[in-house]
Each structure stands twice: as C-alpha cells, then as structure tokens.
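Please look over the model shown below and follow the report through its strands and helices, one region at a time.

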Amino acid sequence: MGHYRRRRDFQATPEPTGDGAGPGPDGAARFVVQRHRARRLHYDLRFEMGGVLASWAVPRGPTLDPAVRRMAVHVEDHPVEYLDFEGVIPAGQYGSGDVIVWDIGSWVPHGTDDPVAAVAAGELHADVFGRKLRGRLVLIRQQEPRWLLLHKRDAQAVPGWNPEQHPRSVLSGRTNDEVRAVPDRIWRSGASTAQATERTRAPAPGRAADATITTTDGTATHADAATDATDGSGTAGGAGAGAAPPAVRPPGDDELRALDDLGANGVWEVFGRPLRLTNLDKVLFPAGTERPAATKRDLVRYAALIAPTVLPYLTGRALNMHRFPSGAQAPGFWHKQVPAHAPDWVTRWHPPGATAGRTTEHLVVDSPATLVWAANFGALEWHAWTAPVTAAEQPSYALIDLDPGTGTAWEDVLVLARLHRTALAHLAVRAGVKVTGRRGLQIWVPVAPGPGFEQTRDWVERLSRAVGAVVPELVSWKWEVRERAGRARLDYTQNARNKTLVAPYSPRAAAGAPVSAPIDWDELDDPTLRPDSFTIRTVLARLAERGDPFRVVLDGGQPLPPVA
C-alpha cells in the first residue's frame, strides 16, 4: 500500500486513499476487473486478500476462452475500497484516464487456504463468481512482474469469448466514453445511476454580475450583484460560474445514420432537440496536404460527437462565434449577438448596461444541442470568454499565448513552451497546454476566485518576461507586428475583459479542418508534434485512446504565487 500512496497526489485525484477499507459482506472475498483507459487501454484484475487488493494489469483483458493466454503485469496492491472506484483520474496523475467497473463479484482460492502465500509462490488458482467472469482463472508467474493469465477448461469456459464485446460497467451500465463525459464525478455502487455520483471537486464560487440570463426553459432569472450567484449546486439560471454541465451521451449509431441519410437540408433529432440543418453538403474546409475536404455535415457530426467533452469549457460563458458561412476558403467575421431566428431553448445572456449598437444577447453554450446549432449557423470556430457571465470581472484562467512571428520556427515555439513548462513546475502551478490548430500554443492556468484581469495580466507578464529573458533572441515585446522583426510575442494582453481564446477542441478555419487540441506536457518533446497535427477527423480517436489532458484546468482554481 505504501507504493500505491507514494505514486498518487490525493489532493488532485479522486482515487481512494486506502484509509477506509473494510471487510466484504459476510466476510466474503471479492474481486473486481476495471477497464482502464490510461495511456493505453488495459484491464485491472484485482483479488481481495490480506486486507488489500492484489492487482494485475491485463492489456488485452481476461477471457472465458480456455485456448487464450493473456499477459498480466503484477502491479502494486490497491486498497479494498478501490473495488467500486469508477470515474476519471485527472491528467498529470499516475494512471490518468477513465475507469469503469467492468466486472465484480466474489471469489475463492482453489488448492490453498492462503492466497497471499500462493501469490508469493508464483501461482494462484481462483474460482470467480462475477457477472461476466465465471469459472477458474489461473495466474502463473513467468518473470516478475510478468505473469500468465488463463481460464481453465471447465463448465464456464466459452470459446472465442472477447471482453471487448462486453464494454459496459456492471455498476452504472456506462461505457468508458460515458464516464469520461462527466469527469468531475465518481460512480459508486449500491445506488441508482442518478444517485451514484459524487463530485471530485466543488463548484468554483463566484459573484454575480447584475445581469439577466434566459434559461433553456425560456424563463429568466435576475442575478443581483449583492447576492451569491450560485444556488448551492454552482448554477445560476443554467449558466453559473463553475457550473458542471449535466451528464451527456454522444449521439449513437442510429442518430449518426439519420444525419447521414438527410439530404442537403432537413431536420435532425439529436440531444432531444429537433435541429433544422441546411447546406449539409457544402464544403466548409478545403482539402489540405494529405487531408480531405470537410463538409458542413462533417462539421455538424463533429460538433455533436465532441460536445460531451467540450461542454465543460463552454458552460456558463459567453461565446463569440467566428462564422464562415461560405467556408474557410472565404473571409469570415465575428458574430456575438444571438440572431432572432435562434431556437427559444438556446440560452442567452443579457449583459448589464447593454445599449443600442452593442451586443444585447450573448450566446451561452450550456447544452450540447446549442453547440450543434452554432456549427450549423456557420460557426467554424468557438471562442469563449475567460470569465463566467456570473462573475464577468473575475477570470477563471490566466492565459499564456505563445504567438509566433513571421520568422518564428515551430521549434522556437516549442522552446518557449518548454521554458514555461519548467517555470510553472518550479512555481508548483497547475496548467494545461494545447496547440492552437494554426501556428502557436496556448497555456491555461486555472485561477482561484479573487484576482481580476489586471492581476492575472500582470502575473502572466512577469512570468513570460522571465522566460523571454532566457531566450531574448526569440521574443519581441513590441505591440505592432511590423516592429517585431519576425520574432514571437508572449501575449499577456489577452488577459482582459471580453477577450476570448479559441476553446479546446474547437475547429479552426483552415484547410483540412485542424483542431485546437489539448496535449500532454511531455508531448512538447515529441519530434512529430505540429500545431495543426489534429483534425476533426482524427482528434476523436485520439481522445478515446488517451482521454482529455486538458481536464486539469477544470479541477478547481489556485492562487497565483509570486514570480521572482
């Protein structure tokens, strides 16, 4: 258990600490198999013995097929309370990724009364009584930590049985994708799906601006600046500061087929809303080098599939739509005002003091159908405010924008990013990094409520000037592009009211439909990384394989330490 605890930061991960382990019901020994998508998919097979869970990682999963031999890697013992852990381990933590309880049940050792001694001796025979796995499993040590896992030829054996054909949790009935869609919750057993969630972080507190928010049911609420903006759940009229969007399932195969079967125009029922779609076969993204063109139908499909992942970054924030109705090959324009023809269920934010000639109704994407509607409206790019509408003067993030100059090589951008990585690590500051989908990189630092834009701007300026002093030949602090001599700018001025930055997973208006994709910090050292490496056709598969590394910015704010 000491090895288990040393590898984890329990202030940042919702995993159990192991302090509350107790006996199984009626003293029965239990086992669990967790389907775990970390850097690579594997199944964690765990047997209760000696007060802990003896554990093996099985890359291809256990099976009922007696002809199959599986490699199993013996890993550290886990606490017994890990039996029903189901949720998301945050990026940057050991084993980061999504976890479901793929099978659970009781077990008895065969041929021994001392399973701990059997493991130490290198061979364990276990009769398991799970919901998916039954019969006798055998683990044989080859060379520690490599073991061999097999199923005996008994009455429970099933030739050809494949664990990947049984992907759902036996506790919640959800897949890994569906659990990942609500990363701020842990799924627990012994309760209904609606009751079995526990937050891993509290909603960020915020103060309301004097504003009216029109909610998805068409009603309006008034938030007074003298009152707390939240109602205890972190919401304010459906668009609260720090509000967690409800669990969202992406469209299924039948819904996607219905989209494919539509003609150029038609009504698509998705996320419980009928959406009238137009010009679905229009090319919005021209073909790029070794990248096919993408149509409006492709964009709408992508918006629907990415909505469960991107929604937490947009909920409760005004969205500026960068529209390209004629496609990325033609000039675009910024659109802030919600048009009169928008559905009445689209959430609108009415900023205080808005006058004629100014934006009086901002779009707030707090439902997945709203994101699909925006894509159909020609919004190729999604740019959200850095502060929630309920606390418009208090940014949630301090933003570091690495803006390459005309003479800046991509490797120089990576140098600047790595230096920021080192500086943030030195300051013990948590942050997420993403490629912009164009030429640069962005770093988001989650900030605890309190500082205004002036404070976050000053902090980012001090940090970036310290970084720039290390490589002065790469950086210019001039405002005008023509005065920078082609050098990069570390643009701390993006930390200002009403400023926006492109949202994680937003498409970019360029050939091949690139995406502003979050990356792991260690990918800055990958020689194959490019700022437009990922597209609407490839990023979903990457997300399924690796999870979302940008979730770190949603795990609560933090005070900004002094920069020497």
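Strand β24 (residues 432-435) and β28 run antiparallel and are joined by 2 bridges, and within this pairing V433 stands opposite I519 in β28. The model in which these features appear is a predicted one. The two strands belong to an open sheet of 5 strands, whose order is β26-β23-β25-β24-β28 and whose pairing is antiparallel. The edges are held by β26 (489-490) and β28 (518-519), each of which has a single partner strand, so one side of each is left without a neighbour in the sheet.

Two helices lie across this sheet. Helix α7 (residues 410-426) lies across β23 (397-403), β24, β25 (441-446) and β26, and its direction is at about 15 degrees to β25. Helix α8 (residues 453-468), for its part, lies across β23, β25 and β26, running at about 40 degrees to β23.

Earlier in the chain numbering, strand β3 (residues 52-58) pairs with two strands, as the table sets out.

| Pair | Bridges | Sense | Opposed residues |
|---|---|---|---|
| β2 (residues 41-49) and β3 | 7 bridges | antiparallel | L45 and W56 |
| β3 and β4 (residues 70-79) | 5 bridges | antiparallel | V52 and P79 |

The connection between β2 and β3 is a hairpin with 2 residues between the strands, and G50 in the turn has a positive phi of about 60 degrees.

Is β3 itself enclosed or open to the surroundings? Of its 7 residues, 7 are buried, so the strand is largely enclosed by the rest of the structure. Burial applies to both faces of β3, since V52, A54, W56 and V58 point one way and L53, S55 and A57 the other way, and all are buried. W56, the bridge partner of L45, and V52, which stands opposite P79 in β4, are therefore among the buried residues of a strand in which 7 of the 7 are buried.

A further contact is a packing of two helices. Helix α4 (residues 253-261) and helix α5 (residues 296-314) pack at an angle of about 165 degrees, and their axes are 11 Å apart. Because angles over 145 degrees count as roughly antiparallel, α4 is roughly antiparallel to α5. In passing α5, α4 makes a right-handed crossing. The contact is made by L256, L259 and D260 on the α4 side, and by R297, V300, R301 and L305 on the α5 side. By character, the residues of this contact divide into 4 nonpolar and 3 charged, with no polar ones.

Definitions and conventions:
Residues are numbered from 1 along each chain as its sequence is written. This is a predicted model: local features need pLDDT of at least 70, side-chain atom pairs count only at pLDDT 80 or more; totals for chains, interfaces and linings use all residues. Side-chain values use heavy atoms; hydrogens and water are left out. Axes are lines fitted to C-alpha atoms, for helices over the stretch in contact, and angles run from 0 to 180 degrees between N-to-C directions. Helices (H or I, at least four residues) and strands (E, at least two) are DSSP runs, numbered from the N terminus. Angles under 35 degrees count as roughly parallel, over 145 as roughly antiparallel, 65 to 115 as roughly perpendicular and the rest as oblique. A crossing is left-handed if the near helix is turned anticlockwise from the far one by less than a right angle, and right-handed if clockwise. Contact means heavy atoms within 4.5 Å. Ala, Val, Leu, Ile, Met, Phe, Trp, Tyr, Cys and Pro count as nonpolar, Asp, Glu, Lys and Arg as charged, and the others, Gly among them, as polar. Buried means under 20% relative accessible area, exposed over 50%, partly exposed in between (1.4 Å probe, protein chains only). Two strands pair if DSSP finds at least two bridges between them.
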